[in-house]
Structure formats: structure tokens, C-alpha cells
Amino acid sequence: MRPIRPFVPAVIAFGIALGSLSVFAAAPVAPPSAAAPAPAFDADLAQRHGADELGMRRYVLVVLKTGPTRMPDGEARTAMFAGHMANIQRLAKEGNLAVAGPFMPSDSGWRGLFILAVESVEEAKALTETDPVIVNGEMVAEYHPWYGSAALMATAELHERMVPPEAAKAD
């Protein structure tokens, strides 16, 4: 039978290790090498994407969850989702949508996400309340104010540059 080791020495050892980390954390950091200069501030880019002095901006996260009314398979359901995709495209073209996409299948009921570049939940509701999946009860929206990098606003442009022309035609 193995002897049971006392808990206290392990806690002391953990404390010593943690203390050692704080010594390293307090050590001066070497300056960046000349080979890797710091990125230059781009005031035009920051302004174009609505960045504040920290390079951040306000958004509203919209979590789309399974709603009370599933649209039956068929032409009406296909048309509803075509309208949903058209709404996403409209929001992106208007500059109101930073990111959108579906969640992977799970039991959570979470279906999709919008990150809207708006100041308030009320503005987000006005943009999503006409989406066909919301109108038909296929999905319901949950709104969360969020503060994140203004760089998210460049996502749509970057995404377009990553989709091969033949895939873009399939839409």
C-alpha cells in the first residue's frame, strides 16, 4: 500500500512555483528586434472601421436560437432561408454586419450568430426583426452588447478575397 502524502507540502511547492513565475513576470521584456518593426498606426483604416482610441468599437452580438415554429421542409422553407441569406447580404453591404455564421449542430439550440456594428440592442432588433427566420418563428434572437476589435469590420472584405470565383458563383 502506498503511503498518503500530506497535502501541505504540495501547496507549499505550488506557492514557491507561483512565486517564481512572478519573478519572471517582473523581469524586463527585451525590446522588439529591428527585423520585426511594430505595425504602423493607420488612422484612415481606424476611422473607416469605426475604431475608438483603443482600436475597439461597440457591437451587439445576436445569438439566433431555435424558435417555436419550425417551417416544414419544402419551397416555403427554402424561400425563407434564401430571404435570410439575402438579409445577411444586405446588412453586410450596409456596413451593419461585421460577422455572421451558423453554429455547428448541437443540442444547445444555438443556430447562428450575427455581430452587428450598432450602438444599441434597439438598433440590433430593428435590423433583425424583418429577417424571415425571425418573422416565421424558425429562430428567435438573443441580444448582447459587446465591445471588441474594430478590425472585425474588415472580415467581409477579407472573406471575399478568400472565396475562389467558382465557389462564389455557386451562391
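Begin with the largest pocket of this predicted model, which holds about 830 Å³ of space. Select Met85, Ile88, Gln89, Ala100 and His159 together, for these are the residues that lie nearest the centre of the largest pocket, out of the 26 that line it. If you then colour the lining by residue class, you should find 16 nonpolar, 6 polar and 4 charged residues.

To see which parts of the fold surround this space, show α3 (75–93), β2 (97–102), β3 (110–116) and α6 (155–162), each of which supplies at least two residues of the lining of the largest pocket. Of the elements that contribute, α3 gives the most, with 7 residues.

Keep α3 on the screen and add the strands beneath the selection. Helix α3 lies across β1 (56–66), β2, β3 and β4, and its direction makes an angle of about 25 degrees with that of β3. The 4 strands themselves form an open sheet in the order β2-β3-β1-β4, with antiparallel pairing. Because β2 and β4 (139–149) stand at the edges and each has a single partner strand, one side of each is left without a neighbour in the sheet. Neighbouring strands of this sheet are turned by 15 degrees against each other on average, with direction ignored.

Now zoom in on one edge of the sheet, where β2 and β3 run antiparallel and are joined by 5 bridges. Select glycine 101 and look across to β3, where leucine 113 is its bridge partner.

Next, select residues 121–128, which form helix α4; this helix lies across β1, β3 and β4, and runs at about 135 degrees to β4.

Move from there to histidine 49, in the loop between α2 (43–48) and β1. Is histidine 49 buried or exposed? Its relative accessibility is 12%, and because buried means under 20%, histidine 49 counts as buried. Show its surroundings as well: leaving aside residues up to four places away in sequence, histidine 49 touches Arg57, Ala150, Met153 and Ala154.

The last stop is the second largest pocket, with a volume of about 230 Å³. Select Asp42, Leu45, Ala46, Ala51 and Gly55, which lie nearest the centre of this second largest pocket among the 13 residues that line it. Coloured by class as before, the lining of the second largest pocket divides into 8 nonpolar, 2 polar and 3 charged residues.

Technical notes. Residues are numbered from 1 along each chain as its sequence is written. This is a predicted model: local features need pLDDT of at least 70, side-chain atom pairs count only at pLDDT 80 or more; totals for chains, interfaces and linings use all residues. Side-chain values use heavy atoms; hydrogens and water are left out. On a 1 Å grid over the protein atoms alone, a cavity is a set of points where a 1.4 Å probe fits but cannot get out, and a pocket is an open set with protein on both sides within 12 Å along at least five of seven lines; lining residues have an atom within 4 Å of a point. Grid points are joined across faces, edges and corners, and a volume is the space filled by probe spheres set on the points. Ala, Val, Leu, Ile, Met, Phe, Trp, Tyr, Cys and Pro count as nonpolar, Asp, Glu, Lys and Arg as charged, and the others, Gly among them, as polar. Two strands pair if DSSP finds at least two bridges between them. Axes are lines fitted to C-alpha atoms, for helices over the stretch in contact, and angles run from 0 to 180 degrees between N-to-C directions. Contact means heavy atoms within 4.5 Å. Buried means under 20% relative accessible area, exposed over 50%, partly exposed in between (1.4 Å probe, protein chains only).
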